[in-house]
Amino acid sequence: MNEHQPSIPAQLAAHRTADLMRQVILAAAPAALISTWYFGYGVVLNLLVAICFAYALEASALYVRRRPIQHHLADSSVLVTAMLFALSVPPGIPWWMIALGTGFAVLLAKQVFGGLGQNPFNPAMAGYLFLLLAFPLEMTAWHVSEAVIDPDSGHSVLGLASFCGQLELLFPGLIFSSFDIDGLVMATPLIESKLASKSALMSAWSEGRSLLARGSETGWEWINVAYLLGGLYLIIKRIITWHIPMSILTTVLGWSLFFYSPEQSAIVGTPYLHLFGSATMIGAFFIATDPVSAPTSNPARVVYGIIIGSCIYGVRVWGSYLDAIAIAVIFGNFLAPLLDHMLRPRIFGQISHSRAAPAPLGQASTENTAHE
Amino acid sequence: MLSQAVRWLTEGRLASFSGGIRPPKQTQRTLRSRVMATPIPERLIMPLTIYRKQERLTPAVRIGEAVRKYQCLATHLQDPDLILHAPTSGMITAITRDVLEIQSDGLDQALILCGNTTEKITQADILQSIGRAGIVGQGGAGYPTVKKIRLAASAGVKVLIVNAAECEPFVCCDEALIREFADQVVKGAEYLMQASAADAGVIAIESDKHEAIAAIQEPLKASSLTLRLLAAKYPAGDERILIKSLTGQEIPDSANPAERGILVQNAGTAKAVFDAVKLGQPSISRIVTVAGAPLKTPKNFSALLGTPVSDLLSWCGFEHEGHSEEPSAHLQHTDHLKIIVGGPLTGRRADMFCESVQQTTTCVIATDKINFPASGPEHACIRCGFCAEACPVRLLPQQLLLHSRNFDEHNLNSHGLHSCIECGACAYVCPSKIPLVQHFRQSKEILRDSAAERSESQLRQARYRHWQTRQGRTARRQVKQAAEPERETPFSRENARSEIAEAVARVKEKKSGKRQ
Ligand code: SF4
Ligand code: SF4
């Protein structure tokens with residue numbers, strides 16, 4: 001028997017886990033930059049704080065669990081979690097909320113279950129959902145620079161004043177109002193915003209306004225376009241498959257077309273708004289595709305996408321929450337193991353599904369004589 | 001089913017299968033030189049175990065005995081088809097449980113062969129020649145060819161497939177073989193067809209082996225075989241995958257392809273069959289690819305069986321410590337240098353001094369750091385599903401891994417662990433560098449052991465129950481005899497019948513009573 005023991009298939013895979021994670025980060029980076037451009041420094045500050053906390057918490061959890069810290073941190077998965085979390089939370093929430101959220105994500109949603117690969121739920125979304133339930137008000141308010149809402153206010157989104165304003169919001173009491181933070185206002189994103197009635201991108205286009213001007217209300221759309229392109233990049237690079245994003249987008253589009261009526265668009269939203277006016281793209285391409293918590297076979301992935309897409313639409317239109325990505329993804333996570341179990345591919349050479357009585361191995365292998 | 005299979009075969013499409021991987025071929029450098037016959041090595045190591053070490057041969061010679069080329073060295077006690085011949089003349093220097101060593105004298109004195117020169121060669125002739133030559137399948141496990149043919153012929157074989165698809169990187173012995181011995185391969189394949197009484201014959205080559213394809217066109221014209229091109233994917237050359245690609249039939253792991261009317265033989269086997277039938281030559285050599293970056297001139301050898309791997313390597317311009325002037329200079333170099341026997345995906349690490357060429361040896365690879373990085377630390381499975389995409393038999397390796405780690409027997413079975421062909425495609429693509437195949441092999445072994453144990457314990461239980469009933473019967477009879485000794489009647493059929501009838505009547509009574 002010893003003859004077959006030491007065989008080691010050469011592992012020359014094009015991808016390493018850490019590379020995969022880095023590619024995901026790379027693909028999301030343009031969208032993060034555009035968010036910063038439109039919404040100010042809050043986005044970057046959130047990212048920094050979340051990454052620092054996530055790394056520190058992961059390292060301490062690994063220390064407590066007596067795992068090789070460097071080896072596990074090197075897979076960069078915690079960086080992706082922190083990034084997705086930070087990009088989902090609104091700018092302008094205090095640091096301790098970010099710490100709580102990342103703590104929930106890294107410690108409770110991931111490490112408690114045994115670390116990378118073992119977590120049944122998407123950690124970033126678990127953290128987000130936790131914050132959303134605990135602080136519903138703060139989590140749906142977007143503190144952005146006044147310049148975003150009113151271009152004539154005289155404040156610059158990327159100016160020093162708004163930077164200090166964001167810093168003040170992040171670390172309350174850090175800078176004792178020596179700076180003027182009046183330049184920051186609160187705006188709720190998505191459906192309540194002016195986007196609701198009419199596509200801002202289209203109207204800006206037809207009115208001849210500069211699409212990249214901050215006041216043109218096109219921020220969300222550009223961000224979504226960036227996520228879409230980033231996602232397509234990941235698909236082309238074969239890091240994710242098309243199944244989950246496409247089925248989510250098609251489902252959302254399908255439902256919004258089905259329920260669309262011009263008089264009601266303020267309530268149910270337009271298809272365009274559903275796809276480009278909110279977090280749909282990051283959800284479809286970056287969050288729902290998290291391989292650990294998603295199903296692994298392609299048919300199961302399609303069903304998973306349909307469930308998430310329907311859930312997104314349903315919660316948005318008939319639920320009380322404005323954006324439903326986190327709820328939908330966590331809901332999908334609940335069903336992922338079941339989908340994986342039920343929608344298995346037919347095994348080579350077996351007539352029906354593998355659930356039909358498995359051949360006892362010992363018997364099978366003795367009959368299996370002729371291997372040429 | 002079969003007509004469908006035949007239609008698939010005759011359509012000239014590129015045959016393919018789902019899943020699989022496309023590793024870089026890396027055969028160019030090796031194929032630059034033609035197949036070279038090796039010099040006669042000083043020492044030949046002939047293994048006495050064959051077919052995955054399941055069968056053991058008994059030596060027919062003694063230590064110190066002089067042998068001549070083609071002389072019979074060892075046979076199987078029960079099975080005359082398993083036989084080993086001397087590849088060259090020399091003296092037997094050692095016989096252990098597993099190997100037999102020959103010190104060659106360099107003279108290559110041969111016994112006189114009698115080939116078959118008659119016009120009409122019958123099926124029985126061919127089978128006899130193959131059996132006498134001791135040919136075993138050159139592609140995989142080394143199952144005796146003549147047995148495989150007999151099995152297939154008795155099941156009514158329809159199609160013979162000659163497998164010339166070597167899909168692993170570095171391996172190119174079949175490509176070189178067909179490039180240079182195409183007519184012999186085709187002739188051998190025809191003999192195989194005749195021997196197995198197959199209706200159709202197909203030679204399957206991967207579509208990127210242009211030289212081999214070009215070389216085989218001519219001999220094919222005069223034969224009844226057809227050429228089918230395969231998509232250049234790994235593992236196109238696996239028996240079941242090959243059948244699936246060519247005929248669309250999926251043969252489960254519990255069935256033998258021969259039962260479905262399909263016989264697969266390796267191209268190298270076909271050549272050996274030609275030699276055996278036409279020249280009467282026993283199987284004493286085969287074509288071996290010797291490749292790898294550390295070699296100056298990698299090439300394909302027509303190597304005598306028993307040639308030590310270290311000799312092959314040094315003929316290719318590779319110097320190991322033993323032959324080097326300054327051993328220390330090479331020690332560092334050889335630190336990470338490993339020898340792989342077989343392809344990089346299904347082969348195994350081997351010691352170059354103990355290992356020798358056998359009929360199943362396709363390739364010897366000297367590894368380098370770039371193509372064979374040290375298996376780094378394994379990361380957690382991120383369930384990316386790359387492995388499932390690569391799996392040619394549509395398993396879910398990530399689930400199998402999970403169940404292997406937990407050793408969940410039920411789920412391992414229901415996820416089809418027994419269907420895993422151990423091709424290594426999943427491990428190849430895994431970004432977390434998880435040695436999936438090792439896990440699967442281990443689990444398979446444990447499952448097999450536990451199945452064996454279970455059947456044994458079932459047997460024991462059955463025996464015990466049997467013993468108990470017998471005890472009971474004897475006891476009852478003794479009691480009976482003690483009570484009424486005068487009614488002792490010898491056992492007879494009539495008695496037994498009436499007793500049984502009485503018993504049945506009693507049971508019936510009881511039953512009807514119960515119902516009321
Ligand atoms: S390829 Fe490796 S990491 Fe990806 S799912 Fe399969 S076993 Fe897990
Ligand atoms: S080794 Fe087994 S599980 Fe892995 S790809 Fe090959 S057949 Fe599939």
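Here are some questions and answers about the domains and ligands of this predicted model.

User: Happy to start with chain A! Which domains does its domain assignment give?
Analyst: Chain A has two entries in the assignment, and one of them is written in two pieces. Domain 1 covers 1–186, and domain 2 covers 190–202 + 215–344.

User: How many residues does each domain of chain A bring to the contact?
Analyst: Both domains take part in the contact, with an area of about 2600 Å² buried between them. Carbon and sulfur atoms give 76% of that area. The residues involved are 34 from domain 1 of chain A and 28 from domain 2 of chain A.

User: How many residue pairs are in polar contact between domain 1 and domain 2 of chain A?
Analyst: Salt bridges add nothing here, as their count between domain 1 and domain 2 of chain A is zero. For polar contact, with both residues at pLDDT 80 or more, the count is three residue pairs.

User: Which helix of chain A gives the largest share of the side of domain 1 that touches domain 2?
Analyst: That side of domain 1 of chain A divides into 26 nonpolar, eight polar and no charged residues. Elements giving two or more residues to it include helix 4 (77–88) and helix 6 (123–134) of chain A. The largest share, twelve residues, comes from helix 1 of chain A.

User: On to chain B. How many residue pairs are in polar contact across the interface of its domain 1 and domain 2?
Analyst: Chain B is divided into domain 1 (2–286), domain 2 (287–366) and domain 3 (379–478). Between domain 1 and domain 2 of chain B, about 3200 Å² is buried, 61% of it from carbon and sulfur atoms. There are zero salt bridges between these two domains of chain B. The residue pairs in polar contact, both at pLDDT 80 or more, number 18.

User: Which strand gives the largest share of the side of domain 1 of chain B that touches domain 2?
Analyst: By class, this side of domain 1 of chain B has 26 nonpolar, twelve polar and six charged residues. Its largest share is five residues, and they come from strand 2 of chain B.

User: Which residues come nearest to ligand 2?
Analyst: The shell around ligand 2 has eleven nonpolar, one polar and one charged residues. Of the 13 residues there, the nearest are C391(B), C420(B), C423(B), G424(B) and C426(B).

User: And how many charged residues are in the shell around ligand 1?
Analyst: The residues around ligand 1 include C381(B), R383(B), C384(B) and C430(B). By class the shell holds seven nonpolar and three polar residues, and the number of charged residues is one.

Terms used. Residues are numbered from 1 along each chain as its sequence is written. Chains are lettered from A and ligands numbered from 1 in the order in which they are written. This is a predicted model: local features need pLDDT of at least 70, side-chain atom pairs count only at pLDDT 80 or more; totals for chains, interfaces and linings use all residues. Side-chain values use heavy atoms; hydrogens and water are left out. Domain bounds come from an automatic or database domain assignment. Contact means heavy atoms within 4.5 Å. Buried area is the accessible area (1.4 Å probe) that two parts lose on being put together, summed over both. A salt bridge is a side-chain nitrogen of Lys or Arg within 4 Å of a carboxyl oxygen of Asp or Glu. A polar contact is a pair of N or O atoms within 3.5 Å; within protein, one must be able to donate a hydrogen and the other to accept it, and residues adjacent in sequence count only if both atoms are side-chain atoms. Helices (H or I, at least four residues) and strands (E, at least two) are DSSP runs, numbered from the N terminus. Ala, Val, Leu, Ile, Met, Phe, Trp, Tyr, Cys and Pro count as nonpolar, Asp, Glu, Lys and Arg as charged, and the others, Gly among them, as polar. A residue is near a molecule or strand if one of its heavy atoms lies within 4 Å of it.
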